[in-house]
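Work through the exercises below with the sequence and the model open side by side. Each task is followed by a solution in steps.

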Amino acid sequence: MNFWDRILFGNALGEWAIALGIIIVSFGVIRILRLPVLKRFKNWTDRTSNSFDDFVVMAIRKCVIPILYFVAIFFALKYLVFPDRIDHYIHVGIMLVFTFFILRLLTLGFQYIIYSFLKNQEDSEMKQKQARGLILIFQALIWVIGIVFIMNNLGYNVTTIITGLGIGGIAVALAAQAILGDLFSYFVIFFDRPFEIGDFIKVDEKVGTVEHIGIKTTRIRAISGEQLICSNKDLTDSRVHNFKRMEKRRIVFSIGVTYQTSADAIERIPGMIKSIIESTEDVLFDRSHFSGFGDFSLHFETVYFILSPDYSLYM
């Protein structure tokens with residue numbers, strides 16, 4: 001018997017050699033073409049201003065090229081003959097690999113869409129950090145849908161599984177109402193944007209700068225130095241003062257003048273205060289007038305605006 005005609009696991013050695021040759025040649029062609037193709041794409045992306053072509057290059061590198069390797073393995077194995085059980089396992093393995101890279105491509109695409117949407121907005125870096133929780137949730141949802149798709153193709157009754165997940169989901173929702181409340185509050189914070197990372201806010205009697213917005217909690221660096229960890233639901237249920245969005249500060253102050261002051265001097269007081277305020281930079285005068293009789297003095301009330309939210313300038 002010829003050496004190449006010897007049978008190994010149901011196939012002749014010659015057929016095994018041909019299958020191995022298909023894999024080696026295919027891998028070699030892919031590796032040879034990969035570098036110049038990616039280099040040409042990279043040169044093309046460097047000449048364009050949009051980021052979509054950069055995403056295409058990344059998708060080719062992380063998803064398309066690995067799929068090509070597995071396509072080569074698939075065609076090599078198709079050349080051979082296996083028992084039905086092994087053939088079934090091969091098809092399942094190939095399906096799992098293809099599904100994995102397709103889901104990976106979808107998650108990368110969703111991440112690219114979100115980051116591209118936030119890239120041209122003000123404080124884009126902060127907003128991208130805040131969007132990580134949203135991206136994580138939707139990526140998990142994509143993978144769950146992919147797992148259900150795989151189970152359906154493996155012959156499992158997906159309807160029964162989804163029904164069971166629905167009943168289990170209700171039980172989990174009842175047991176984790178606080179966590180789900182924080183999760184929905186996270187969506188409110190992300191889409192409604194009552195505050196963002198870097199904003200100086202006041203919640204109840206606590207004042208500080210927002211450092212991190214997570215799926216369940218938000219971390220605030222207090223002005224006294226410690227870090228405050230607040231649940232998202234508590235923040236959305238509270239009255240939040242966002243000082244970063246303040247355009248100007250309204251200042252109200254009063255002075256008292258003794259009753260022995262002459263009428264001419266009292267009459268000149270509002271004008272004197274007005275001239276002092278109007279001669280000061282970054283200040284807008286509003287009003288100044290006599291406001292009432294005190295026990296020991298005549299009260300004058302003055303209102304003006306600091307044309308900046310800066311607290312140090314205000315002080």
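## Exercise 1: the five-stranded sheet

Five strands form an open sheet with antiparallel pairing, in the order β6-β5-β4-β3-β7. The model is a predicted one.

**Task.** Find which strands are the edge strands of this sheet, then describe the pairing of β3 with β4.

**Solution.**
1. An edge strand pairs on one side only, and this applies to β6 and β7 (240-242).
2. From one strand to the next, the twist averages 40 degrees.
3. β3 and β4 run antiparallel and are joined by four bridges.
4. One residue to locate is K202, whose bridge partner in β4 is V207.

## Exercise 2: two residues with positive phi

Most residues other than glycine have a negative phi.

**Task.** Where is D204 placed, and where is D282 found? State for each whether the residue is buried, partly exposed or exposed.

**Solution.**
1. D204 sits in the loop between β3 and β4.
2. The phi of D204 is positive, near 55 degrees.
3. The relative accessible area of D204 is 57%. The cut-off for exposed is over 50%, so D204 is exposed.
4. D282 belongs to the loop between α9 (263-278) and β9.
5. D282 is not a glycine either, and has a positive phi of about 60 degrees.
6. With 44% relative accessibility, D282 counts as partly exposed.

## Exercise 3: salt bridges

Side chains of opposite charge can pair when their charged atoms come close.

**Task.** How many salt bridges does the chain have? For the pairs E211 with R221, R287 with E301 and R193 with E196, give the N to O distance, and say how each residue is classed by accessibility.

**Solution.**
1. The count comes to four salt bridges; the steps below treat the pairs named in the task.
2. In the salt bridge of E211 with R221, the closest N and O atoms are 3.0 Å apart. This pair links distant parts of the chain, with E211 in strand β4 (residues 206-213) and R221 in strand β5 (residues 217-222), 10 residues apart.
3. E211 is partly exposed at 35% relative accessibility, and R221 is partly exposed at 33%.
4. R287 and E301 form a salt bridge whose closest N and O atoms are 2.8 Å apart. Because R287 lies in strand β9 (residues 283-293) and E301 in strand β10 (residues 297-306), the pair ties together parts that are 14 residues apart in sequence.
5. R287 has a relative accessible area of 27% and is partly exposed; E301, at 23%, also counts as partly exposed.
6. R193 and E196 meet through their side chains in a salt bridge with an N to O distance of 3.7 Å. Both R193 and E196 are buried.

## Exercise 4: the nonpolar cores

**Task.** Which residues of the largest nonpolar core touch the most other members, and which element gives the most to this core?

**Solution.**
1. The largest nonpolar core has 22 residues, and F195, I201 and I213 touch the most other members.
2. At least two residues of this core come from each of α3, α5 (132-153), α7 (177-192), β3 (200-203), β4, β5 and β6 (227-231).
3. α7 gives the most, with four residues.
4. Leaving out residues up to four places away in sequence, the contacts of I201 include F195, V207, V210, I220, V240 and F243.
5. There is also a second, separate core of 12 residues, with I251, I273, I277 and F285 among them.

## Exercise 5: T107 and the chain as a whole

**Task.** Is T107 buried or exposed, and which residues does T107 touch beyond four places in sequence? Then characterise the whole chain.

**Solution.**
1. T107 lies in helix α3 (residues 84-119).
2. The relative accessibility of T107 is 7%. Buried means under 20%, so T107 counts as buried.
3. Beyond four places in sequence, T107 touches Q139, I142 and W143.
4. The chain has 10 helices and 10 strands, and buried residues make up 31% of its 315 residues.
5. Among contacts with a separation of 6 or more, 59% are between residues 24 or more positions apart.
6. The chain exposes about 20,600 Å², of which carbon and sulfur atoms supply 63%.

Conventions: Residues numbered from 1 in each chain as written. Predicted model: local features only at pLDDT ≥ 70, side-chain atom pairs only at ≥ 80, totals over all residues. Heavy atoms only, no water. Buried < 20%, exposed > 50% of the residue type's maximum accessible area, 1.4 Å probe, protein only. Contact = heavy atoms within 4.5 Å. Core = buried A, V, L, I, M, F, W, Y, C linked by side-chain atoms within 4.5 Å. Pairing = 2+ DSSP bridges. Axes fitted to C-alpha atoms, helices over the stretch in contact; angles between N-to-C directions. Areas by Shrake-Rupley, 256 points an atom, 1.4 Å probe, with all protein chains shown as cover.
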